[in-house]
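The following paragraphs go through a structure of more than one chain, starting with one chain as a whole and ending with a pair of helices.

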Amino acid sequence: MLKLIQTEFLRLRRRRTVFWMLLAAWVMPLVGVFYFGGDCRSGLEPIRFFKWASFSYTAWIVLPVVLGIFASMLMVDENRFGILYQFWIVPVYRLSFFLSKFLTVMIYALCFMLVSAAASLISGRLFGCITPGLGDVVFLFRKCLEIGFLTAFTIVPVLVAAGMQRGYLLPVGLTIVYTFFGFILLGVNPFLHPISSAMEIVLRDVPGVVLSRPLNLPAAFFCIGIWCAGSGVLMSIRLKGSWI
Amino acid sequence: MNDYAIETKNLTMKYGNETAIRNVGLHVRKGRIYGLLGRNGAGKTTIMKAVLGLIPIASGEVKVFGERIGERKKWIYPRIGAMIEAPGFYPNLTGTENLEIFAKLRGVPTPNAVENALALVGLPYRDKKLFGAYSLGMKQRLGIANAIFHDPELLILDEPTNGLDPIGIAEIRDYLKKLTVESEKTILISSHILSEITLLADDIGIIDRGVLLEEAPLSELTKRDRRYIELRVSDVPKTVLILERDFGLKDYSVQDDCTLHLFDAVEDIGKIHRTLVLENVAVYESRHCSHTLEDYFRNITGGEGVA
């Protein structure tokens with residue numbers, strides 16, 4: 001498995017998009033500085049800034065879209081250029097192959113959220129918006145890792161859809177629709193969509209966040225689990241004929 | 001002890017409702033080169049995919065090294081090197097980087113296996129050129145390098161010389177021959193080019209429209225490469241009588257009302273002409289012809305497509 005994950009990253013050599021996409025982690029922290037412009041002078045509660053910079057739109061929209069594109073990059077080329085046969089005759093097990101893709105997405109998601117956490121801290125400090133204590137910093141990094149971890153699971157359906165395609169158009173388009181659908185459901189019924197369910201889990205203990213409905217963690221985990229399981233079944237049905 | 005590296009029994013494969021391969025019985029003997037010859041779309045690649053277990057079979061059996069290929073026989077794969085269809089690699093990586101990925105996955109113990117394989121196919125090691133910028137010939141070479149770098153016992157190569165220049169074709173051919181002679185490797189190779197197969201293979205299987213029409217050693221097939229005389233005469237029955245009575249000829253075939261093919265009378269043609277004329281049989285035409293392997297393949301595959 002470790003070899004497979006290593007080779008996943010080797011395959012991404014010279015794909016500059018992978019690094020450029022990490023810069024998207026800076027978007028919300030920088031927007032936050034402008035948004036809180038006036039409040040920055042009078043000093044801002046660090047958690048309030050972090051909520052804006054890393055726990056909201058970054059987690060709801062930016063990260064899922066970036067991960068959807070990343071997942072497409074991992075899956076599409078092998079279908080498109082007929083590379084899969086070479087893997088099957090190594091042989092690489094289909095479960096290992098798919099799992100390595102998922103773990104690569106998770107590693108990237110964690111890296112992205114670490115960049116987001118660092119960006120929140122640097123931009124907040126640099127523009128004098130916040131003066132965080134150790135507890136705030138630990139909370140920020142813990143939450144960012146949590147978001148990265150959970151969002152990787154929510155991207156499994158996109159990973160599967162990308163695995164069935166030879167082009168980028170459909171998986172990337174699907175990512176955008178899927179992400180916005182999750183964002184919309186966040187305020188309606190978060191237990192219908194993995195992204196909104198993941199956010200329900202993430203926001204459970206963020207100070208200052210008041211949920212409009214009672215917290216239901218089992219339902220949120222069930223929603224993510226059922227989408228992942230369904231995607232896994234779809235993938236195995238689709239590939240049954242062409243895999244060893 | 002099984003003498004076959006690959007053996008299929010009544011192998012049938014379908015794509016949807018269309019039968020791609022019908023009751024194919026392939027026998028690839030160990031240490032030999034087996035050439036699968038057929039026109040484009042005859043089913044060569046499908047057979048190779050079936051042998052590798054890449055596509056599900058409708059019915060029949062595939063055995064590799066005496067074992068049925070399938071989910072629980074993954075230990076067979078490290079003993080096989082294969083290149084199926086156009087070789088696919090990552091376009092953003094160099095040839096060396098692409099091979100290093102597969103070397104890592106295969107856990108190849110030899111440290112310079114990739115370098116040696118690239119040298120064998122005439123590609124530079126650690127070159128900066130990306131696979132996306134490779135010519136068709138270079139892609140083929142890299143595909144062959146990927147098939148051989150882990151030193152497999154069995155090589156399955158689907159039209160490996162496609163896109164190679166004549167020198168490259170000769171180099172690959174020599175290398176493959178060397179592999180069977182020196183290392184006793186078994187090779188299954190497909191092509192639609194007759195001359196290429198006859199220069200390389202020990203055994204030949206001819207496939208057409210999904211049916212294996214013939215499977216025989218090359219030496220046996222070349223016996224069908226025969227010279228003959230085509231004779232056009234006024235009276236075929238009388239000519240046959242004369243040929244049998246006066247010349248003792250038995251090896252001939254009657255083509256139509258006025259044409260005969262004489263297979264073992266090449267030396268006596270002058271005498272035959274004189275005798276026929278004296279017996280009042282008019283000889284309209286007499287010419288030397290030959291039945292080449294190509295004619296034979298054309299006949300059994302029904303025409304064009306085998307170059």
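**Chain B, its contact with chain A, and a helix pair in chain A**

In chain B, 69% of the contacts with a separation of 6 or more are between residues 24 or more positions apart; two residues are in contact if their C-beta atoms, placed from the backbone, lie within 7 Å. The model is predicted, so local features need pLDDT of at least 70 and side-chain atom pairs count only at pLDDT 80 or more, while totals for chains, interfaces and linings use all residues. Residues are numbered from 1 along each chain as its sequence is written, and chains are lettered from A and ligands numbered from 1 in the order in which they are written.

Chain B has 10 helices and 15 strands, where helices (H or I, at least four residues) and strands (E, at least two) are DSSP runs numbered from the N terminus. Its C-alpha trace spans about 80 × 40 × 40 Å along the principal axes. The radius of gyration of chain B is 25 Å, against near 19 Å for a compact globule of 307 residues; the radius is taken over C-alpha atoms, and the globule rule is 2.2 Å times the number of residues to the power 0.38.

Of the 307 residues in chain B, 41% are buried, meaning that 20 or more other C-beta atoms lie within 10 Å of the residue's own (exposed: 12 or fewer; partly exposed: in between), with C-beta atoms placed from the backbone. In helix H1 of chain B, residues 44–51, 8 of 8 residues are buried, including Lys44(B) and Lys49(B). After H1(B) comes Gly53(B), with a positive phi near 70°.

Chain B also touches chain A: 26 residues of chain B are in contact with 22 residues of chain A. On the chain B side, strand E7 (80–83) and helix H2 (95–106) each supply at least two residues. H2(B) gives the most, with 6 residues. This side divides into 16 nonpolar, 4 polar and 6 charged residues, counting Ala, Val, Leu, Ile, Met, Phe, Trp, Tyr, Cys and Pro as nonpolar, Asp, Glu, Lys and Arg as charged, and the others, Gly among them, as polar.

Within chain A, helices H8 (residues 94–126) and H9 (residues 134–154) pack at about 150°, with axes 8 Å apart. H8(A) is therefore roughly antiparallel to H9(A), a term for angles over 145 degrees. The contact of H8(A) with H9(A) divides into 18 nonpolar, 4 polar and no charged residues. Among the residues that meet are Phe102(A) and Leu121(A) in H8(A), and Val137(A) and Ala152(A) in H9(A).

Terms used: Axes fitted to C-alpha atoms, helices over the stretch in contact; angles between N-to-C directions. Parallel < 35°, antiparallel > 145°, perpendicular 65-115°, else oblique.
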